[in-house]
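The following exercises are to be worked with the sequence and the structure at hand. Each task is followed by a solution in steps.

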Amino acid sequence: MSTALATVDRLTAAQFDQLCVNTIRTLSIDAVQQAKSGHPGTPMALAPLVYTIWNRVMRFDPQNPIWPNRDRFVLSNGHASMLLWSALHLTGVQAVNAEYEAVGKPSVTLDDIRHFRQLDSKAPGHPEYHWVSGVETTTGPLGQGVATSVGMAIAEKWLAHHYNRPGFEIFDYNIYSVCGDGCLMEGIASEAASLAGHLGLDNLCWIYDNNHITIEGNTRIAFTEDVAGRFLAYGWNVLRVGDANDLDRIEQALEVFRKTKGRPTFIVLDSHIGYGSPNKQDTAAAHGEPLGDEECRLVKRSYGWPEDAKFLVPEGVYEHFQSGIGKRGAEARRNWTELFESYRTQYPDLAVEIELMQRRELPTGWDRNLPVFPADPKGIAGRDASGKTLNVLAQNIPWFLGGSADLGPSNKTTLTYPGAGDFQADTPEGKNLHYGIREHAMAAIVNGMSLSKLRPFGASFFIFSDYARPAIRLASLMELPSLFVFTHEAMGDGEDGPTHQPVEHLISLRAIPGLITIRPGDANEVVEAYRYVMQLRHQPAVLALSRQPLPTLDRSKYAPASGVAQGAYVLADAAGGNPEVIIIASGSEVSLAAEAHENLRAEGIRSRVVSMPSWEIFEQQTQAYQDSVLPPNVKARVAVEQASTLGWERYVGRSGHVIGMKTFGASAPLKELQRKYGFEPDQVVAAAKQQIGRASSK
Ligand SMILES: Cc1ncc(C[n+]2csc(CCOP(=O)(O)OP(=O)(O)O)c2C)c(N)n1
Ligand SMILES: [Mg+2]
C-alpha cells in the first residue's frame, strides 16, 4: 500500500517524514505541469533537504515571518521556487503587509500553488521578496542569493554585538542558503564566499546541490573544479552528505554547522535532479520543463503516490509541520518575546532602537548637526561633502554603517569619528565595512544587511556601478532602501581616461524602475541628497558624487539647496520669472550653467537655470510643480550634463539642445576635456542663444 494512502495513525515517524517530503515533490511537479512551465527536477531532488531544514532545524515561527530573531532561509537557486512555495504553504506561514502588519491570511495558499507562475499568484516563477511573505530575498539571477546571505550574516553579527547584553541573546540567528552549480559558477558567489571566509561568519551555512547538471547538460562540459577544495581554501568548514535523501545525515551536518565556531559552513549535498523520474532523473531535461503527463504518473508511482492525484496534501501533513516547525518556532518566539520584554525594562533605549529599525524608521535627531557649507567659489568636492555628511549620519543613526570596495580613501566614505571601528571577525561591532575589491558582492551584501533592517551603504567609483548593477537592480525590485555611494561620477578623474569615465551609467541607472539616482550640484546639494535618501523606506538610491571640488553656490543669491527634495528646482531665474531660455543641469554642470546664466544676463538675455539632481524625484512631483519649473511655453532649452545625452529630450524637447557625451572620454587633464567636449560657459551661452533664435523663428 502506498504511504500516501496509509492510515495516518499507522505511519511510523520515518514514513511521516517521507509523506511530507513527497508532498513537497508532488506539489512541485503538479504546479509545473499545470503552469506548463517551471523547474520540477530540483524540487524533486531537494525536497528532503528543505523538509529537514524547515521542519527539524530552523527557528522560524510561521505565525510571524518577520520576527527579528528568526533563522533565515535563502533559496539561491531561485528557479526551484516550488520548494519555497511548498514550504511556505505547508508550514502555514502568515502574510504581512508593507507596513509589517499581519493581515490574517496565509502567505501562500494551495490555490496560489495551483496558479503557479500566473498573474497575481503568490507563487510566482521565482522567489520575490515584498510580494510573498516569508521570502527573505528575491532570487533567480544565480549567485545573488548566496551573496545576499553573506550580508544577512554580517548583519546578524553586528546586531548581536551591538545589542546583546549578558543574559540577553537578543540576536543569535543563523542563515541557511541553498545553491546549485549555477550559483557557484557565478563570480559574485566567489567574491561573497571569500569575504565570508575572511570574516569567519559562523552563522552562515550554504548547502550546495551537487547534481552535476545545468541547462546544457552535465557540468563536465564547463565546471570541473574542486568546489569543496575551493571552499576549504576560502577558510570554510566543508562537509559532505553523500545522499540527498538521507534526512538524518542532513540533520547531522546542519548540527555540525551550528557547533562550528569561527568559520562559515559549506555542505556539499550529492543529489539526483528529477529524483524518482524513470526517464528524466539525472538529466538536464528535468531542469526546466514540465515532466509531461505520462512521466508525472510514473514518478508518482515510484513515490508510492496516487498516480492521478493532483495538488494532494495528504491527511496529517499540515499537522506534522505544525508539530515540527510550528511548535518549535512558536516556542522560540514566545521565549524571545519574554526575553525582549525584560530587555526593554533594563535597556529601554536599545529596545526602542531595535523596534524603530524593524519599521525602517529613523531615531529622533537623525539629521542634527548636518553640515552647512558656506558659499565658496573654490568649493569642495562632492565626495568630501559626502564624507562629512556620512560621519554625522553614522553618529546620529546607530545602525547606519557601510564602506567601500577598497576605495574608502578615495570615495571618502571612511567613518573616522572616535569609536566608529572596523568590522572584522574579532570586532563585529565596527561600522566601517571593508568589502574588498568585490563590487558585485558588495551590492548584494548591502541588500542582505538592508533586508536585516540595518541602514547600509556601499561605495565605489561610479564607473564600477556596472560591476554592482545586478544587485542594485534587485534592491529596487525588492523595494529596499539600500544606499550606493559612487564618486568620480564624470570626467573629474581626467587623466585616468575613458576606462574610468562613466558615460552611460547615469541613464542606465535611471532606467531601473524605482531606483532614485541623485547627482548633486554642490556641497549643500550633497547634504540635501542624503537628507532625502535617508528618509526612504522602500526605495534604493544611488548618489553620483564629484571627485573634484565644485563651487559652493551662494544660496543667498540662488535658491536653497533644499530644492533637491523636489528633484529639480529653479536655481536662478530671469527677472520677473519670464525666461527666454531654460538651462537644465546636474552635478558639476550646475555651477557651469550658473556662470553661463550670469554671462547671458550681462548681455541682457533672460535665462533660467534649473538644477536637476534627480529625474526620478522630479517626476514624483505634481504636474503643476513640474510646469512651474519647466514652463511648457518656454521652448528654448539647453541641458548640460557630463554623461550620455540619451533621454534628455524628455526635458528639452526634440528641438532642444543637449551638451553631453556622445562618445567615450579621453585621458587628459579635466580642463582640456571640458574644452574638448563643450563643457564651458561660452558653449552653453552659444547653445542658449541658438535655442532662443530657433524658438523665435518659429
Ligand atoms: C545570472 C543567471 N544566469 C543565467 C540564468 C539562467 N539559468 C537558470 S537556471 C540555470 C542553470 C542552473 O544550473 P544549476 O544551478 O546547477 O541548477 P539545477 O539545474 O541543478 O537546479 C541557468 C543557466 C540565471 N537564472 N541567472
Ligand atoms: Mg545543477
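**Exercise 1.** Determine which residues coordinate the magnesium ion (ligand 2) in this predicted model, and establish where Asp181 and Asn211 lie in the chain.

*Solution.*
Step 1. Three residues supply the donors: Asp181 through OD, Asn211 through OD1 and Ile213 through O, at 2.1 to 2.2 Å from the magnesium ion (ligand 2).
Step 2. Along the sequence, these donor residues follow the spacing D-x29-N-x1-I.
Step 3. Asp181 belongs to helix α6 (residues 181–185), whereas Asn211 sits in the loop between β5 (204–210) and β6 (213–214). With their positions 30 residues apart, the pair links distant parts of the chain.

**Exercise 2.** Decide whether Asp181 is buried or exposed, and do likewise for Asn211.

*Solution.*
Step 1. The criterion for a buried residue is a relative accessible area under 20%.
Step 2. Asp181 has a relative accessibility of 4%, and therefore counts as buried.
Step 3. Asn211 has a relative accessible area of 6%, so Asn211 is buried.

**Exercise 3.** Describe the surroundings of Glu525 in helix α18 (residues 523–534).

*Solution.*
Step 1. Glu525 is buried yet forms no salt bridge; Arg555, the nearest side chain of opposite charge, is 4.0 Å away.
Step 2. Turn next to the polar partners. The side chain of Glu525 reaches the backbone nitrogen of Gly521 at 2.7 Å, and a polar contact of 2.5 Å joins the side chain of Glu525 to that of Tyr569.
Step 3. Leaving aside residues up to four places away in sequence, Glu525 touches several others, including Pro520, Ala561, Val564, Ser611 and Pro613.

Definitions and conventions. Residues numbered from 1 in each chain as written. Chains lettered and ligands numbered in written order. Predicted model: local features only at pLDDT ≥ 70, side-chain atom pairs only at ≥ 80, totals over all residues. Heavy atoms only, no water. Donors = N, O, S within 2.8 Å, 3.2 Å for Na, K, Ca; no water. Helix = DSSP H or I, 4+ residues; strand = E, 2+ residues; numbered from the N terminus. Buried < 20%, exposed > 50% of the residue type's maximum accessible area, 1.4 Å probe, protein only. Lys, Arg positive; Asp, Glu negative; His and termini not counted. Polar contact = N/O pair within 3.5 Å; in protein donor to acceptor, adjacent residues only side chain to side chain. Contact = heavy atoms within 4.5 Å.
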